[in-house]
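Work through the exercises below with the model open. Try each task before reading its solution.

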Amino acid sequence: MLDILEFLRDEGVSADIIAEVKKFRDTYPEADALLQRRIPDPRYLYYGKDIWEEAITAILCGENLLLVGPKATGKNVLAENLAALFGRPVWDISMHINVDAASLIGTDTLKGGEVCFREGPVCQCARLGGFGILDEVNMAKNEALAVLHATLDFRRVIDIPGYRRVTLDDATRFIGTMNYGYAGTRELNEALVSRFVVVDMPVIGQDDLCKLLLRGFPSLKKSWAQQLAALFDDLRAKCSSGEISARALDLRGLLTALRLMERGLSPEAALEMGIINKAFDPFERQLTADVVWARVPRTAKADEFFGD
């Protein structure tokens, strides 16, 4: 947490906002030992002063966040960073077409020969003061999400038919992420959207991506970090012009390629596995490869990327 606070100061986030974060942490006690494992220890940090200030202020005001943006804008990274900053346990809730009220809130189960209620992730998160991350929230059916309306608005309750009424802990927040470009996504119901404040996530710039790479891989040479950031920008330009699909525009793939190189795999093989081979059409794969090899020679060695 101290590292994130120092990071926010370096990013230029308002000192008043940082002071309010400290007050929040002092107000709400630390999670018990069992929940400590749910508090994230982020490997990567989100870069973007304005987005940080918007997101933190919304959480301090008791609002739920909806992070909206195209692929590789850091939605999940920011959500994890926020939970770590506020010191709250996280429930990662993957949304998909088969999600229903029972999988979110809970359902009946047998225990000791008696029927009892087994809490779902939303109910646990609400009761224990966690941050619930609703991942790709627009992949779930609207009728399934309707069960969250009373949870996400000013009522902040979960009414469990036949059992009890759960009031949300004051520290509980929900953070939704969504990308309109993925297969299986749908329009969110207006009633659900109105229960979030929406943060439009911008694409990461070359300078910030370079910082992210150097922080995630301290031994990476700055010259190669700059080259890889430029490579990612080249891929984004190709996607924007419609020359290639967004499959190869994969920041996770770029980070994975670097991890493979750290282990000694050749840059050629690592970049093929992390980026190029994600374009399944042969013509598109060749276009992607041309972009990659224009920035990274195929003859480059892994040890050239790391060191003093």
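Rings of Phe, Tyr and Trp (its six-membered ring) pair if their centres lie within 6.5 Å. The model is predicted. By this ring rule it holds six aromatic pairs.

**Exercise 1. Classify the pair of Phe-24 and Tyr-28.**

Solution. Start with the geometry. The ring centres of Phe-24 and Tyr-28 are 4.7 Å apart, and the planes meet at 55 degrees. Now apply the cut-offs: under 30 degrees is stacked, over 60 is edge-to-face, and the rest is tilted. The pair of Phe-24 and Tyr-28 is therefore tilted. Next, check burial. Phe-24 has 6% relative accessibility, so this residue counts as buried.

**Exercise 2. Classify the pair of Phe-86 and Phe-131, and place both residues in the chain.**

Solution. First, the rings. Their centres lie 6.0 Å apart and their planes stand at 40 degrees, so Phe-86 and Phe-131 form a tilted pair. Second, the location. Phe-86 belongs to helix α5 (residues 75–86), and Phe-131 to strand β5 (residues 131–135). The two are 45 residues apart, and their pair links distant parts of the chain. Third, burial. Phe-86 and Phe-131 are both buried. Last, the wider picture. Ring pairs join Phe-24, Tyr-28, Phe-86 and Phe-131 into a cluster.

**Exercise 3. Describe how helix α2 packs on helix α4.**

Solution. Begin with the axes. Helix α2 (residues 15–27) and helix α4 (residues 49–60) have axes 10 Å apart, at an angle of about 40 degrees. Name the arrangement. Angles under 35 degrees count as roughly parallel, and 65 to 115 as roughly perpendicular. The helices α2 and α4 are therefore oblique to each other. Their crossing is left-handed. Then list the contact. α2 contributes Ile-17, Glu-20, Val-21 and Phe-24. α4 contributes Glu-53, Ile-56, Thr-57 and Leu-60. Sort by class: the contact of α2 with α4 has five nonpolar, one polar and two charged residues. Phe-24 thus appears twice, in this contact and in the ring cluster.

**Exercise 4. What is the phi of Glu-136, and is Glu-136 buried or exposed?**

Solution. Phi of Glu-136 is near 55 degrees, a positive value in a residue other than glycine. Glu-136 sits in the loop between β5 and α8 (142–145). Its relative accessible area is 10%. Buried means under 20%, so Glu-136 is buried.

**Exercise 5. Do the same for Arg-156.**

Solution. Arg-156 is not a glycine, yet its phi is positive, about 50 degrees. Arg-156 lies in the loop between α9 (149–152) and β6 (157–159). Relative accessibility is 17%, so Arg-156 counts as buried.

Methods
Residues numbered from 1 in each chain as written. Predicted model: local features only at pLDDT ≥ 70, side-chain atom pairs only at ≥ 80, totals over all residues. Heavy atoms only, no water. Buried < 20%, exposed > 50% of the residue type's maximum accessible area, 1.4 Å probe, protein only. Helix = DSSP H or I, 4+ residues; strand = E, 2+ residues; numbered from the N terminus. Axes fitted to C-alpha atoms, helices over the stretch in contact; angles between N-to-C directions. Parallel < 35°, antiparallel > 145°, perpendicular 65-115°, else oblique. Left-handed = near helix turned anticlockwise from the far one by under 90°. Contact = heavy atoms within 4.5 Å. Nonpolar A, V, L, I, M, F, W, Y, C, P; charged D, E, K, R; others polar.
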